[in-house]
Amino acid sequence: MRASDPMIYAIGDVHGESDALRTLLAKLPLEPTDLVIFLGDLINRQGRNPFDCVEQVIQFDRCRKVCLQGNHEEAMMMFLESGDMSVMIGMGGQSTLDSYEAAGYPIRPGDPQSIPDSHARFYFQAEAWTLPFYITDDYIFTHAGWDLAQPLARQVPARWRWERVTGVEKRVWTQTVIRGHTPMPKITHANSKGYIGIDTGCGMGGFLSAIALPSEKTYSARPASFKPGWFVAMRG
């Protein structure tokens, strides 16, 4: 048993790679008092089983958990609300629709009741552990962005899911931002910009990554969609 304070483990964008998520979670030396924070974007892109990624997070009970809403979960929520197929297809959402159908839940556009109730509660953030962001004394966890120059009451919610970290020059927050959303070849310590980025391109050709805090020990798993040179190809 680890004789230390509780650890926080933040997990980057998964994008449907359920086997990699299972492998990564098995690598984490979790204690019941620890906290796992999934930074969102469990679905869409190249991963083969977004349904199972969501199911794994719902069923996860080895310690405390939080799952943030990513822009891809917001797109899925909008699709379930309005039935606008373009929202999902434009974000690589066919893999998500296919995985739900394979699991026995063909999604009817605009019908949240066509998926399991536990999944609907996940997408619509109806569980206590589904949050838009999470703040501790030392860290701000967000899927994408945060304005370090603005107090909480003046934050723009869309930034948390779709944008980037700003305001470091006039920061009113002392915490380091832990974010996903922007794929990079490795976990990125952007100290001058006030954040650590842990989206390492899972479901786009890269690895799935996690970081333990405050130790900053990192963990990774290789997904089925891994492709050497993915980052150069994406940028090219």
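Four bridges join strand E1 to strand E2, and the two run parallel. This pair belongs to an open six-stranded sheet with the order E4-E3-E2-E1-E12-E13 and mixed pairing. The model is a predicted one. A second open sheet has five strands, and helix H1 turns its buried residues toward a set of elements that includes E1 and E2.

**Six-stranded sheet**

- The edges of this sheet are strand E4 (130-131) and E13; each has a single partner strand, so one side of each is left without a neighbour in the sheet.
- E1 has residues pointing both ways: Ile8 and Ala10 to one side, Tyr9 and Ile11 to the other, and all are buried.
- The bridge partner of Ile11 in E2 is Phe38.
- Phe38 also stands opposite Cys67 in E3.
- E2 pairs with strand E3 (residues 64-68) in the parallel sense, over four bridges.

**Helix H1 and its surroundings**

- Helix H1 covers residues 18-27, and its buried residues are Ser18, Ala20, Leu21, Leu24 and Leu25.
- Viewed down the axis of H1, these buried residues fall within an arc of 155°, so they line one face of the helix.
- Asp19 and Ala26 are exposed and sit on the face of H1 turned away from its buried side.
- The cover over the buried residues of H1 includes strand E1 (8-11), strand E2 (35-38), helix H2 (50-59), strand E12 (208-213) and strand E13 (218-221).

**Packing of H1 against H2**

- The axes of H1 and H2 are 8 Å apart and meet at an angle of about 30°.
- The two helices are therefore roughly parallel to each other, because angles under 35 degrees count as such.
- H1 contributes Ser18, Leu21, Arg22 and Leu25 to the contact, and H2 contributes Asp52, Cys53, Gln56 and Val57.
- Sorted by class, the contact between H1 and H2 has four nonpolar, two polar and two charged residues.
- Ser18, Leu21 and Leu25 of H1 take part in this contact and are also among the buried residues of the helix.

**Five-stranded sheet**

- The strands of this open sheet follow the order E5-E6-E9-E11-E10, and their pairing is mixed.
- Strand E5 (133-135) and strand E10 (188-190) are the edge strands, each pairing on one side only.
- On average, neighbouring strands of this sheet are turned by 15° against each other, direction ignored.
- Within the sheet, strand E9 (residues 176-179) and strand E11 (residues 195-197) pair in the parallel sense over three bridges.
- Arg179 has Gly197 in E11 as its bridge partner.

**Environment of Trp146**

- Trp146 lies in strand E7, which spans residues 146-147.
- The relative accessibility of Trp146 is 0%, so this residue counts as buried, the cut-off for buried being under 20%.
- Leaving out residues up to four places away in sequence, Trp146 touches Phe133, Ile135, Ile140, Leu152, Gln155, Arg159, Trp160, Arg164, Val165, Thr166, Trp173 and Val177.
- Among the residues touched by Trp146 are Phe133 and Ile135, and the edge strand E5 spans 133-135.
- Val177 is another residue in contact with Trp146, and strand E9 covers residues 176-179.
- Trp146 and Pro185 are 39 residues apart in sequence, and their C-alpha atoms are 22 Å apart in space.

Technical notes. Residues are numbered from 1 along each chain as its sequence is written. This is a predicted model: local features need pLDDT of at least 70, side-chain atom pairs count only at pLDDT 80 or more; totals for chains, interfaces and linings use all residues. Side-chain values use heavy atoms; hydrogens and water are left out. Two strands pair if DSSP finds at least two bridges between them. Axes are lines fitted to C-alpha atoms, for helices over the stretch in contact, and angles run from 0 to 180 degrees between N-to-C directions. Buried means under 20% relative accessible area, exposed over 50%, partly exposed in between (1.4 Å probe, protein chains only). The arc is that of the directions from the helix axis to the C-beta atoms. Contact means heavy atoms within 4.5 Å. Angles under 35 degrees count as roughly parallel, over 145 as roughly antiparallel, 65 to 115 as roughly perpendicular and the rest as oblique. Ala, Val, Leu, Ile, Met, Phe, Trp, Tyr, Cys and Pro count as nonpolar, Asp, Glu, Lys and Arg as charged, and the others, Gly among them, as polar.
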